[in-house]
Amino acid sequence: MTDRVTGTERVKRGMAQMQKGGVIMDVVNKEQAKIAEEAGAVAVMALEKVPSDIRAAGGVARMADVSIVEEVMEAVSIPVMAKVRIGHIVEARILESLGVDYIDESEVLTPADDLFHLDKKPFTVPFVCGCRDLGEAARRIGEGASMLRTKGEPGTGNIVEAVRHLREVQSQVRRIVHMNEDELMTEAKNLGAPFEILMQIKEAGRLPVVNFAAGGVATPADAALMMELGADGVFVGSGIFKSKNPEKFARSIVEATTYYQDYQKIGELSKDLGEAMKGIDMKTLRPEDRMQDRSF
Amino acid sequence: MNRNKYRIGILSMQGATEEHASQLCALGQEPVLIKNKEMLENVDGLIIPGGESTTIWRLMKKNSLIEAVQQFAQLKKPIFGTCAGLVLLGKSQVETEEPVSLKLMDIQVKRNGFGRQKDSFEANLDVKGMKEGYPAVFIRAPYIASVGENVEVLAAYDNKIVAARQDNLLVAAFHPELTDDNRFLELFLSMVGEKSALII
């Protein structure tokens, strides 16, 4: 028996593999965290505000107050994630020192660095990052992200961007898998993707890390749609606690994610849910309010 | 080496189901993703994968799978639980208000026994009956705090029991499905083989 090794690529990526087929829910206090756990969430994301409130509040959105993160960690036995600003090394090290289980380097917060994402490899704690296409996905993996989520447009309750991003990534992965090796370097250049990561995708026939869908999931049917399109699981931000009946929405979204092809069941789950969160049409969103465009 | 072909169910509420499925395929077995109790009737063995035990438990409860899996075990059909699967198969849990437990195996489980994700680790493990060390991947892993007399301890790490067998039940606190080492799956398939031989 030899000594243990922590923070390996395998345990960081493996942690996300254990989340597959599940729902990760945004929460802002211990009460919400309990509701999420009771409903069957696989993890909670501890935040100061859910994305739709961040949108409404404007100003600079930063890492949550440490006391909120601690409160949530104490309240539940499921993993706790928390967000840091893109490129904010110190926010990330603070969350790591608190023992948070996963860090989301997130475009939902105001970026701290407008050129560089975090170098995530030296951390023991694993990271999840957003992506809109394979270039972005591969760059994040290259920086050491152990999990991805397609971005969608956070806080809108509108699934259209999430669908676009997931379809884009899936279709580009399929292209890579069917390419000849001699075509890969030019493809890497065109996508702005590290060549080595594209090689890994070609060899494995899939992304080397788990890819959840995020940004706009508001109903059980939305969650099932993302699974149908090939997501490994879903993040639900504002969709639960901005609905009229969070408990019911949470439970139904969890079950619809597992039984995403059982349409009769999803029909049942969609009965008498009450009002979903109020959504935003993408056409009414000003370009400067688009969170998805905040990364490089 | 077991090369008969069996239908092996993988409880697919949530978790690392694909990883188990591809390992089964690599050994020439037929994986069946189980989402309802009817599907349990036609499989020779069942794997309860790693995932979030509370999530898996709630979905099992909601979809009548608790009694179904208990009946499956009573037929002496083999069940292999990894990580969350170990938690669910155990009879009781340490320091838990509301245990998530199928009450099948005579073990007491400590959930997240090795700590949070930052404490997740890889280690080379000595396993009873295996000549060479096993590359074990522990992710927010549980351990077995105590065992009943009918339980055979297969491995311990840091004086904590992390793999065990009782009759038709096999559990590991770590994740064989995240490695290329098939020895635990081979062991499980040999249990399935013994059971199937009895029927014939």
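Biologist: How do helix 7 of chain A and helix 9 of chain A lie to each other, roughly parallel or roughly perpendicular?
Modeller: Helix 7 spans residues 160-178 and helix 9 residues 195-204, and they pack at about 80°. Axes are lines fitted to C-alpha atoms over the stretch in contact, with angles from 0 to 180 degrees between N-to-C directions. Under 35 degrees counts as roughly parallel, over 145 as roughly antiparallel, 65 to 115 as roughly perpendicular, the rest as oblique. The two helices are therefore roughly perpendicular.

Biologist: What kind of model is this?
Modeller: Residues count from 1 along each chain as its sequence is written, while chains are lettered from A and ligands numbered from 1 in written order. Side-chain values use heavy atoms, without hydrogens and water; local features need pLDDT of at least 70, side-chain atom pairs 80 or more, and totals for chains, interfaces and linings use all residues, for this is a predicted model.

Biologist: Which residues of helix 9 of chain A meet helix 7 of chain A?
Modeller: Contact means heavy atoms within 4.5 Å. From helix 7 come A:Val173, A:Ile176 and A:Val177. Their partners in helix 9 are A:Leu198, A:Ile201 and A:Lys202.

Biologist: Which UniProt annotation covers A:Arg167?
Modeller: A:Arg167 sits in helix 7 of chain A. UniProt annotations may be inferred rather than shown by experiment. The unreviewed entry labels A:Arg167 "binding site".

Biologist: How many of the nine residues of helix 1 of chain A are buried?
Modeller: Helices are DSSP runs (H or I, at least four residues), and strands are too (E, at least two), numbered from the N terminus. Buried means under 20% relative accessible area, exposed over 50%, partly exposed in between (1.4 Å probe, protein chains only). In helix 1, residues 9-17, the buried ones include A:Val11 and A:Met15. The count is seven.

Biologist: What is the strand order in the open sheet of three strands?
Modeller: Two strands pair if DSSP finds at least two bridges between them. Strand 1 of chain A and strand 7 of chain B run antiparallel, joined by two bridges. Strand 7 and strand 8 of chain B are also antiparallel, over five bridges. The order is 1(A)-7(B)-8(B).

Biologist: Which strands stand at the edges?
Modeller: An edge strand here has a single partner, so one side of each is left without a neighbour in the sheet. These are strand 1 of chain A and strand 8 of chain B.

Biologist: Which residue is the bridge partner of A:Thr6?
Modeller: The partner lies in strand 7 of chain B. It is B:Phe121.
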